[in-house]
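Please walk through this structure with attention to its pocket, its core and its aromatic side chains.

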Amino acid sequence: MPERNVLQEARVLWQKYFTLTKELLKFSDQKDTELFMELVNQRERLIEKIKALPPNDYRETEECKQMIAQMIPMDKQIIYRAKAWLNKSRRQNSAVRSYDLIESAALRGTVFNKKY
């Protein structure tokens, strides 16, 4: 593949990656985890395509460097929001699990065994 075509393909893939990063940021504080995970998967597939390209210097261009500079804070925000969501989910699961344990113990008669 001629160098010019490789650079153009790299440019197109990086622009798609940039667009998906912006979409991920937009959906990172939503409740639609399925859509969020689909966007993450799409971004991972793009990275594989970028890695599969023949050697090229697109990443060294000013255009790519600017996109990467804009994506770094977006990625940090996405990671922060994802961790916050995960922690909240863990707390909710823990609360549900402890409620289930109390209910299970009650059914066995170990919690509410007083005579009234």
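In this predicted model, helices H2 and H3 each contribute at least two residues to the lining of the largest pocket. H3 supplies the largest share of that lining, with seven residues. The volume of the largest pocket is about 360 Å³. Its lining consists of 17 residues, and those closest to the pocket centre are Ser-28, Gln-30, Arg-81, Ala-82 and Trp-85. By type, the lining divides into seven nonpolar, five polar and five charged residues.

The next topic is the nonpolar core. In soluble globular proteins, nonpolar side chains tend to be buried together. Here the largest nonpolar core has 21 residues, and Trp-14, Leu-24, Tyr-58, Met-67 and Met-71 have the most contacts inside it. Two or more core residues come from each of helix H1 (3-27), helix H2 (33-52) and helix H3 (62-108). H1 gives the most, with eight residues.

Trp-14 deserves a separate look. Leaving aside residues up to four places away in sequence, Trp-14 touches Ile-50, Tyr-58, Arg-59, Cys-64, Met-67, Ile-68 and Met-71. Trp-14 counts as buried because its relative accessible area is 7%, under the 20% cut-off.

Trp-14 also takes part in the one aromatic pair counted. Its partner is Tyr-17, and the pair is edge-to-face, with 5.8 Å centre to centre and 70 degrees between the planes. Both residues lie in helix H1, three residues apart, which is about one turn of the helix. Tyr-17 has a relative accessibility of 11%, so Tyr-17 counts as buried too.

Terms used. Residues numbered from 1 in each chain as written. Predicted model: local features only at pLDDT ≥ 70, side-chain atom pairs only at ≥ 80, totals over all residues. Heavy atoms only, no water. Core = buried A, V, L, I, M, F, W, Y, C linked by side-chain atoms within 4.5 Å. Buried < 20%, exposed > 50% of the residue type's maximum accessible area, 1.4 Å probe, protein only. Helix = DSSP H or I, 4+ residues; strand = E, 2+ residues; numbered from the N terminus. Contact = heavy atoms within 4.5 Å. 1 Å grid on protein atoms, 1.4 Å probe; cavity = no way out; pocket = protein on both sides within 12 Å on 5 of 7 lines; lining within 4 Å. Points joined across faces, edges and corners; volume = space filled by probe spheres on them. Nonpolar A, V, L, I, M, F, W, Y, C, P; charged D, E, K, R; others polar. Phe/Tyr/Trp six-rings, centres within 6.5 Å; stacked < 30°, edge-to-face > 60°.
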